[in-house]
Amino acid sequence: MDSEFLTHASEVAFDLGCDRFRVTGLTVQSRQITFCEIDGASEPPVYAEGEPPETGREGRRTYDWQPAAGAPSWMNMAWLLEDLAAWVGQMAEDRITVIGLEAPEADWCDVLVLDGDSRYRVRIALANRRDPLDFPGIYLRDMFAEGRYRTYLAPGLVQGLPLVDLRDVL
């Protein structure tokens with residue numbers, strides 16, 4: 001099930017983020033995730049509402065652990081994956097499918113989305129955020145279901161796909 005895979009990917013992204021690794025790619029259908037080691041010291045998590053009372057995976061499963069705006073990019077990635085996991089089922093009901101993710105830079109990632117028969121890249125900021133990453137799964141679901149993605153289409157194609165640039169929106 002896609003939700004279980006994305007939840008597990010979120011947990012691993014969080015755990016390895018604490019150890020100086022970040023997600024660089026993810027493919028839902030093949031259940032593959034790739035990481036790279038980052039230079040420098042590990043950045044600690046920064047929570048929007050404070051650290052959950054319980055630590056580890058169980059604490060993040062039980063309590064809302066949303067990253068603060070100034071959280072490290074690896075933490076925003078883990079939150080993005082966690083929230084996509086929560087909404088992937090409802091997205092599928094609207095024929096919207098998360099097929100993967102590419103993060104060549106630490107500052108942003110492209111969520112690869114299939115809307116009906118059309119593929120898109122949805123670019124989301126992971127670092128240098130003004131606001132917390134606020135429930136991206138439901139935002140993507142609603143945006144595609146309502147056709148609002150057209151407002152954010154960048155000119156041209158990026159690696160053969162239209163780009164929906166949400167770095168200043170979501």
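Is I99 buried, partly exposed or exposed? I opened the predicted model with that entry in mind.

**I99.** I found I99 in strand β3. Its relative accessible area is 24%. I count I99 as partly exposed, because buried would need a value under 20%. I then listed the contacts of I99, leaving out residues up to four places away in sequence. They are L26, T27, V28, L112, V113, L114 and R119. I also checked I99 against Y120, which lies 21 residues away along the chain. Their C-alpha atoms are 10.0 Å apart.

**Nonpolar core.** Next I looked up the largest nonpolar core, which has 42 residues. L101 and V111 touch the most other members. Helix α3 (73-93) is among the elements that give it two or more residues, and α3 supplies the largest share, 11 residues. Strands β1 (21-27), β3 (96-102), β4 (108-115) and β5 (118-125) are on that list too, as are helices α1 and α4 (136-145). I followed L101 further, setting aside neighbours within four places in sequence. Its contacts include V23, L26, M77, L80, L81, V111 and L112.

**Helix α1.** I noted 16 residues here, 2-17. From first C-alpha to last, α1 reaches 22 Å, close to the 22 Å expected. Among its buried residues I wrote down F5, L6, A9, V12, A13 and F14. S10, E11 and G17 are buried as well.

**Largest pocket.** I last turned to the largest pocket, with about 260 Å³ of space. Of its 14 lining residues, A125, R129, R130, R167 and D168 are closest to the centre. I sorted the lining into six nonpolar, one polar and seven charged residues.

Definitions and conventions:
Residues numbered from 1 in each chain as written. Predicted model: local features only at pLDDT ≥ 70, side-chain atom pairs only at ≥ 80, totals over all residues. Heavy atoms only, no water. Helix = DSSP H or I, 4+ residues; strand = E, 2+ residues; numbered from the N terminus. Expected span 1.5 Å × (residues − 1). Buried < 20%, exposed > 50% of the residue type's maximum accessible area, 1.4 Å probe, protein only. 1 Å grid on protein atoms, 1.4 Å probe; cavity = no way out; pocket = protein on both sides within 12 Å on 5 of 7 lines; lining within 4 Å. Points joined across faces, edges and corners; volume = space filled by probe spheres on them. Nonpolar A, V, L, I, M, F, W, Y, C, P; charged D, E, K, R; others polar. Core = buried A, V, L, I, M, F, W, Y, C linked by side-chain atoms within 4.5 Å. Contact = heavy atoms within 4.5 Å.
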